[in-house]
Amino acid sequence: FVPLKDIKSMTLDEISAEFSTFQVPAFRARQVYLWLRKGVTSFEQMVNIPKKLKEDLCKFFYISTVKIKKRLESKVDDTVKYLYELYDGEYIESVLMKYHHGYTVCISSQVGCRMGCSFCASGLNGLCRSLTAGEMLAQVEFAAQDNNIRVSNVVMMGMGEPLDNLNNTVRFLQLVGDLDGLGIGMRHISVSTSGLVPGIYKLMEYGFPITLSISLHAPNDAIRSAAMPINKAYNMQKLLTACRDYIQKTGRRISFEYALISGLNDSDACAEELAGRLHGMLCHVNLIPANPVAENGYKRPDPKRVQRFCSLLNSRGIVTTVRRTLGADINASCGQLRRKTLEKGSR
């Protein structure tokens with residue numbers, strides 16, 4: 001038994017190389033590649049491909065797709081949340097958000113997550129598997145087709161740790177910008193990491209003009225290690241050193257994500273300490289009033305405390321904004337919908 005290959009994750013050169021082993025004319029490789037970039041979900045949709053070739057393709061390849069399991073549309077804004085089923089019965093989540101500059105899709109990079117951050121619902125069931133580049137692309141394509149819109153921005157902030165799936169993340173970044181397909185430039189893409197330092201250094205070597213987002217969420221090791229197990233392997237000194245190295249190498253500003261949790265990391269003292277840590281760095285802090293997760297009992301601070309924290313950072317020269325909450329009425333934060341579905345299925 002030879003497992004089928006995910007042809008949607010392949011570059012044109014790779015498809016051409018595969019086709020050459022089957023004595024298939026080179027122009028057919030480009031035809032198939034262009035159909036894949038258009039977002040087709042089956043070989044049967046490739047109308048200018050001979051029937052015999054389509055039958056042969058089915059024997060060696062598959063086109064990674066997402067199948068909609070649940071679609072939730074916000075009544076307070078234009079946010080749409082998707083629960084997708086994959087070919088093997090696993091579930092992932094994705095969110096489409098409308099901003100003044102266009103549409104952004106937040107995609108997942110793994111089924112579940114192994115990082116174990118206590119404030120995040122995505123990792124409560126651990127990691128099942130990583131996604132292929134094609135499965136990441138399919139999330140963007142489906143959202144665009146389902147809503148008849150052009151997606152202008154992608155954030156890799158859904159389920160999973162993108163740098164724990166680095167090869168497929170890099171492949172996705174290379175394919176999503178193809179002008180024959182989605183044509184989303186890397187300057188319009190954010191890749192989030194919980195602080196996988198070796199992955200930051202590996203990503204740095206590619207020199208992609210993406211925005212690197214660091215899930216920081218704490219001003220010191222004591223608070224961060226309690227909430228994020230990865231900090232025990234790569235503490236804040238190692239992480240922030242990697243961030244400074246990344247900025248120096250790429251010239252790109254880093255975005256620090258900071259989920260404000262009432263009574264844990266939202267005090268004036270925390271703001272002052274955080275400002276000291278980030279002093280002089282080309283960065284931006286994105287404050288996120290924490291989404292409640294039933295399993296941990298965390299609560300979001302009141303709006304005055306959020307604004308106070310934001311003002312303190314800005315007064316210390318750290319550019320800081322508060323993320324606008326979208327899709328609050330549909331649990332748009334990642335992991336919650338999948339978890340509820342898994343719980344229902346186990347009953």
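Helices here are DSSP runs of at least four residues, numbered from the N terminus, and in this predicted model the helix called α9 covers residues 236-250. Just after α9, Gly-251 takes a positive phi of about 75°. At the other end, Asn-235 caps the N-terminal end of the helix, with a side-chain oxygen placed 3.2 Å from the backbone nitrogen of Gln-237.

The length of α9 can be checked against expectation: at 1.5 Å a residue its 15 residues should span 21 Å, and the end C-alpha atoms are indeed 21 Å apart, which agrees. Buried in this helix are Met-236, Leu-239, Leu-240, Ala-242, Cys-243, Tyr-246 and Ile-247. Because they cover an arc of only 155° around the axis, these residues sit on the same side of α9. Such a pattern has a simple background, since an α-helix has 3.6 residues a turn and residues three or four places apart therefore point the same way. The face turned away from the buried side carries the exposed residues Gln-237 and Gln-248, whereas the buried residues pack against several elements, among them β11 (211-215), β12 (254-260) and α10 (268-278).

Both β11 and β12 belong to an open sheet of ten strands, which has mixed pairing and the order β3-β4-β5-β6-β9-β10-β11-β12-β13-β14. Its edge strands, β3 (67-73) and β14 (320-322), each pair on one side only, and neighbouring strands are turned by 25° against each other on average, direction ignored. Within this sheet, β4 (residues 80-85) and β5 (residues 91-99) pair in the antiparallel sense over six bridges, and Lys-81 has Val-95 in β5 as its bridge partner. Helix α5 (residues 166-176) lies across β9 (151-156) and β10 (189-193), running at about 175° to β9.

Technical notes. Residues are numbered from 1 along each chain as its sequence is written. This is a predicted model: local features need pLDDT of at least 70, side-chain atom pairs count only at pLDDT 80 or more; totals for chains, interfaces and linings use all residues. Side-chain values use heavy atoms; hydrogens and water are left out. Helices (H or I, at least four residues) and strands (E, at least two) are DSSP runs, numbered from the N terminus. The expected span of a helix is 1.5 Å times one less than its number of residues. Buried means under 20% relative accessible area, exposed over 50%, partly exposed in between (1.4 Å probe, protein chains only). The arc is that of the directions from the helix axis to the C-beta atoms. Contact means heavy atoms within 4.5 Å. A polar contact is a pair of N or O atoms within 3.5 Å; within protein, one must be able to donate a hydrogen and the other to accept it, and residues adjacent in sequence count only if both atoms are side-chain atoms. Two strands pair if DSSP finds at least two bridges between them. Axes are lines fitted to C-alpha atoms, for helices over the stretch in contact, and angles run from 0 to 180 degrees between N-to-C directions.
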